[in-house]
Every structure is written in structure tokens, then in C-alpha cells.
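Colleague: I am new to this structure. Please pick a single part of it and take me through that part closely, in one connected answer.

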Amino acid sequence: MSPPTYAAPLTDLGATRLAALVTAREVSVVEVVQAHLDRIAATEPTVRALVHVDGADALDRARRLDVRRAEGADLGPLAGVPVVVKDNVDVRGQQTTCGSKAFGAAARVDAEVVHRLRAAGAVVVGRSNMDELAMGASTQTSAYGRTHNPHDPRRSAGGSSGGSAAALAAHQVPLSIGTDTGGSVREPASQCGVVGMAPTPGLVPMRGVVPFAPGLDRVGPLARTVEDTALLLSVIGGRPGLAAATADPDVRGLRVGVPAELRTSRNEVGVLARLDATVELLRELGAEVVTVSAPAAGRALATYLTVTSAASVPVLAPYVRTGLAGAEVERRYAWGLELLREIPSPLEVAQVAREILAGQVTEALDGCDLLLSPTMPTTAPLLEGHASAEDLADPMAAPYTDCWTVVANLVGLPAVSVPSGRSADDGMPVGTMLMGRPRTDHLLLRVAAALEAAGADRR
Ligand code: GLN
């Protein structure tokens with residue numbers, strides 16, 4: 001092999017670059033995977049992002065990919081790229097624990113997304129920690145302990161896909177897979193300073209993913225850059241064209257709406273300041289930014305909790321019956337049962353509220369190309385001292401981390417969280433959310449890439 005053309009450590013490179021280096025034979029897949037396994041070993045004691053790492057299996061697969069490459073095969077768009085998969089997405093031969101003691105059977109087949117990852121040349125190196133059954137926003141309901149934020153280990157990494165986001169921020173891997181029922185990809189991404197997306201419903205197949213609330217659940221990509229997020233989505237969504245979404249990050253002539261109801265004082269001062277800076281940036285880049293209104297969006301969290309608790313009853317029943325489910329799962333199950341029994345049903349009321357919300361958000365989107373808001377009202381909270389463990393686990397308690405993200409799940413819209421600098425309050429990362437009409441994933445990634453590029457210039 002010729003001398004390497006890369007100067008940075010392999011664990012600092014993104015997926016796009018790593019795949020290009022592997023394809024150009026400048027580095028072997030074994031080298032790439034080994035570097036990331038070493039990084040995992042060095043960072044896991046503080047971060048605890050992963051519930052399972054199979055280094056031997058990963059290196060074995062890496063060796064086989066190197067052999068195929070030597071035989072002249074094209075390994076695919078994710079050639080040799082290490083990835084971690086949330087522990088509610090099946091990986092053949094491994095336990096799917098869902099952060100629960102009530103789970104644990106080894107999966108017989110790969111989930112469709114894992115199948116697509118492998119077919120594209122990726123190497124699954126581990127499984128990421130999550131709140132039990134994806135219910136929570138901090139990984140504190142995981143039966144396997146909580147994940148720490150790599151930017152400050154005293155703080156939460158967010159949840160429920162907290163392990164997937166923290167693994168990226170700790171440079172354990174350049175790509176990860178999460179699931180998002182009410183914000184579980186976008187919110188930990190926001191707290192860990194990485195990109196996370198809930199794609200248009202139906203774009204990424206759900207086969208082999210443990211359900212939480214059917215109809216709201218989505219598999220989503222996470223990465224450190226928008227370009228890598230687009231690449232990952234193009235693979236798991238089976239749409240190669242999406243990888244080019246970030247090639248021309250131009251926002252000129254776009255009309256961006258900021259819903260007044262998501263720009264309230266519920267947001268921390270440092271979070272609002274980053275939103276305002278993002279608005280300014282978009283204007284400088286040639287977009288028009290206007291204020292829009294969707295009053296129901298500001299109170300969507302209560303609707304979300306009612307809808308999901310009722311929808312999850314049939315899903316949860318078998319696990320609750322094992323007697324091994326944790327407190328948060330038990331609580332939502334009991335609540336869901338109560339909701340289904342009550343007449344007149346609060347569920348019906350929530351369904352009407354959901355329709356009203358959908359009507360208002362759709363109308364707001366009729367007048368613009370996409371909506372802009374903070375991803376969440378706070379930065380990553382302290383695990384101790386700021387809010388109790390129960391508060392962090394309970395989405396209705398302070399700090400209300402899901403209140404803005406749930407809108408996209410209830411209405412069925414794609415949404416992406418992109419890092420937007422750090423809060424002046426505590427120095428922690430802040431995320432901005434872009435939300436669009438169904439099937440505008442390409443547009444959202446393009447605008448996110450423009451913000452990322454312009455923001456990086458400023459900071
Ligand atoms: N934190 C939210 C909840 O607890 C969302 C979870 C998710 O998106 N899976 O319901």
C-alpha cells in the first residue's frame with residue numbers, strides 16, 4: 001500500500017471519508033475496525049454508550065471484507081465503516097435486550113436496516129444503550145445503567161437512543177442507528193452535538209425493530225456530519241440519490257417558518273440565542289424567515305403521551321407479564337390500560353387533538369418550505385443534582401425534553417436535528433430542528449448541510 005493520505009486519526013474521520021479511503025485501498029477494513037475498537041475500549045469506562053461489543057466478530061467480518069476487496073469486489077458506499085445499532089433493532093445471533101430484563105432472545109435474522117448496512121459494506125461493532133423499550137429521554141430507564149454525555153460525563157446523553165448519540169460524540173464510530181417515536185433520535189443527537197434524523201414515515205423499513213407505538217415509530221440515522229447522515233439514510237432507506245442531498249447546500253429563495261409556539265420562554269435562554277443565531281445565518285445565506293403559528297404544537301406532549309401509552313398496550317402486555325419490566329414500562333402500561341377503559345375515552349380526545357395539530361402544522365407548512373425550531377428546550381441536564389432520576393425518565397416532568405420533537409411523530413413529518421453551537425448558559429451543545437412536509441428528506445438534509453457549513457465558518 002502507498003503511504004496514507006490522511007493525517008487525522010481514523011476515529012476522527014467521517015464515514016464518507018473512511019469508505020473512500022477503504023475503496024481507494026489506502027487503509028484496510030481491519031485497520032479501520034481495530035482503531036474504532038481501541039477507541040471504544042478507551043472511552044467506554046466513562047461514556048457507557050454500548051451494551052454489547054463483539055470485537056472478534058467485527059474483526060472477522062473486516063478480514064472477510066478485505067479479502068473481497070483484494071479479489072476486486074466493490075464493497076459498497078459504506079465500505080468498511082463501523083456502525084453501532086440501537087438495542088431494539090435485531091442483529092442476527094445477538095440478543096436484542098431493548099434495555100430491559102424482560103427481553104433477551106437472540107435474533108435469528110438481521111433487521112432489514114442491518115441487512116442493508118451489511119450489503120453496503122458496513123461493519124456492526126456493537127449495540128447501543130437505550131431507555132427500556134425506548135420509553136424515556138435519558139437512558140435512565142435502561143436495565144443496563146445509564147449513558148454519560150461525552151461532552152460532560154456528569155450530564156445525560158439524552159434518550160432513548162442515548163447510546164447511539166454518545167458513541168458518535170465519543171468517536172467510537174462514525175455512524176449509528178436509532179429509533180424515534182417521539183424524539184428519541186433527534187433529542188440525544190441535540191444533547192451530544194451530533195446530527196440525528198427521523199425520516200419520512202415508511203422510508204426506512206421497520207422489519208426486525210421492536211415496536212413501541214406502532215404508527216409513530218421510525219428508524220433513523222445518526223452521524224457527526226450532515227453529509228454522513230445523508231449517506232447513511234441513502235443506504236437504510238434504499239435511496240442512493242439521497243446521498244447527494246448535501247452536495248449543493250444552497251438555501252437561497254427558501255421560505256423558512258418559525259412556529260411562534262415553539263419559540264417560547266420554555267426554551268432556556270442559551271437555546272433561544274442559538275435559534276436566533278440560526279435564523280440570522282439563514283437570512284444571510286439568502287433564505288426568507290417568517291413567523292408562523294400552530295397553537296396545538298405547543299401542547300403536543302400531552303397528546304403524544306396519551307396516544308403512545310394507549311398504542312403500546314398490546315406491545316407491552318407480554319413483557320409486563322414476565323414481571324421483569326421496569327417501573328417506567330409498568331407505569332405507561334397501567335396508564336394505557338386506564339386510558340382504554342375510561343369512557344368517554346381520553347384517547348378519543350387525544351386523537352381529535354392530534355388531527356387538529358396535523359391540520360395546523362400542515363397549514364403552516366403550506367405557506368413555507370420547512371419549519372425551524374429548537375430541537376429541545378434545554379441542553380443536556382445534569383444526571384445528579386439538577387433533576388431527579390425519575391424526573392429525567394418521566395417525559396411529563398421537567399425538563400420537558402420531548403415537547404417539540406413529538407410534533408413530527410404525531411403529524412408524520414420528517415425532521416432532522418443539526419448542531420447549532422453551544423449554549424452560553426453551560427457550554428453544552430444545542431440542536432436546531434428542521435421539519436418538513438412528507439418526502440422532503442432531501443430538502444431538510446440540504447438546508448441542514450448549509451447551516452452546518454456556514455456555522456462551522458463562524459465558530
Ligand atoms: N422520550 C419519549 C418517550 O419517552 C420519546 C421516546 C422515543 O422516541 N422512543 O416517550
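**The largest cavity and the ligand**

Modeller: The largest cavity has a lining of 13 residues, and those nearest its centre are Ala 134, Gly 136, Ser 184, Tyr 304 and Asp 402. Keep in mind that this is a predicted model. Three cavities of 30 Å³ or more are counted in it, and the largest cavity holds about 90 Å³ of space. As a general point, empty space is found by rolling a probe the size of a water molecule over the atoms.

By residue type, the lining of the largest cavity consists of six nonpolar, five polar and two charged residues. Both domain 1 (10–244) and domain 2 (255–453) take part in this lining, each with at least three residues.

Next, the contents. The ligand sits in the largest cavity. Around the ligand there are 15 residues, and the closest of them are Thr 181, Gly 182, Ser 184, Tyr 304 and Arg 332. Ser 184 and Tyr 304 were also named among the lining residues nearest the centre of the cavity. The shell around the ligand splits into six nonpolar, six polar and three charged residues.

Where does the ligand lie with respect to domain 1 (10–244) and domain 2 (255–453)? Each of these domains gives residues to the shell, so the ligand lies between them.

Several polar contacts can be listed one by one. At Thr 181, a backbone N or O atom lies 2.8 Å from an oxygen atom of the ligand. Gly 182 also uses its backbone: one of its polar backbone atoms is 2.6 Å from a ligand oxygen atom. Ser 184 makes its contact through the side chain, where a polar atom lies 2.7 Å from an oxygen atom of the ligand. As for cover, the ligand on its own has 290 Å² of accessible area, and the protein covers 100% of that area.

To put the parts together: the ligand sits in the largest cavity, and residues from domain 1 (10–244) and domain 2 (255–453) both belong to the shell around the ligand.

Methods: Residues are numbered from 1 along each chain as its sequence is written. This is a predicted model: local features need pLDDT of at least 70, side-chain atom pairs count only at pLDDT 80 or more; totals for chains, interfaces and linings use all residues. Side-chain values use heavy atoms; hydrogens and water are left out. On a 1 Å grid over the protein atoms alone, a cavity is a set of points where a 1.4 Å probe fits but cannot get out, and a pocket is an open set with protein on both sides within 12 Å along at least five of seven lines; lining residues have an atom within 4 Å of a point. Grid points are joined across faces, edges and corners, and a volume is the space filled by probe spheres set on the points. Ala, Val, Leu, Ile, Met, Phe, Trp, Tyr, Cys and Pro count as nonpolar, Asp, Glu, Lys and Arg as charged, and the others, Gly among them, as polar. Domain bounds come from an automatic or database domain assignment. A residue is near a molecule or strand if one of its heavy atoms lies within 4 Å of it. A polar contact is a pair of N or O atoms within 3.5 Å; within protein, one must be able to donate a hydrogen and the other to accept it, and residues adjacent in sequence count only if both atoms are side-chain atoms. Accessible areas come from the Shrake-Rupley method with a 1.4 Å probe; for residues, only the protein chains shown count as cover. A molecule sits in a cavity or pocket if more than half of its atoms lie within 2 Å of its grid points.
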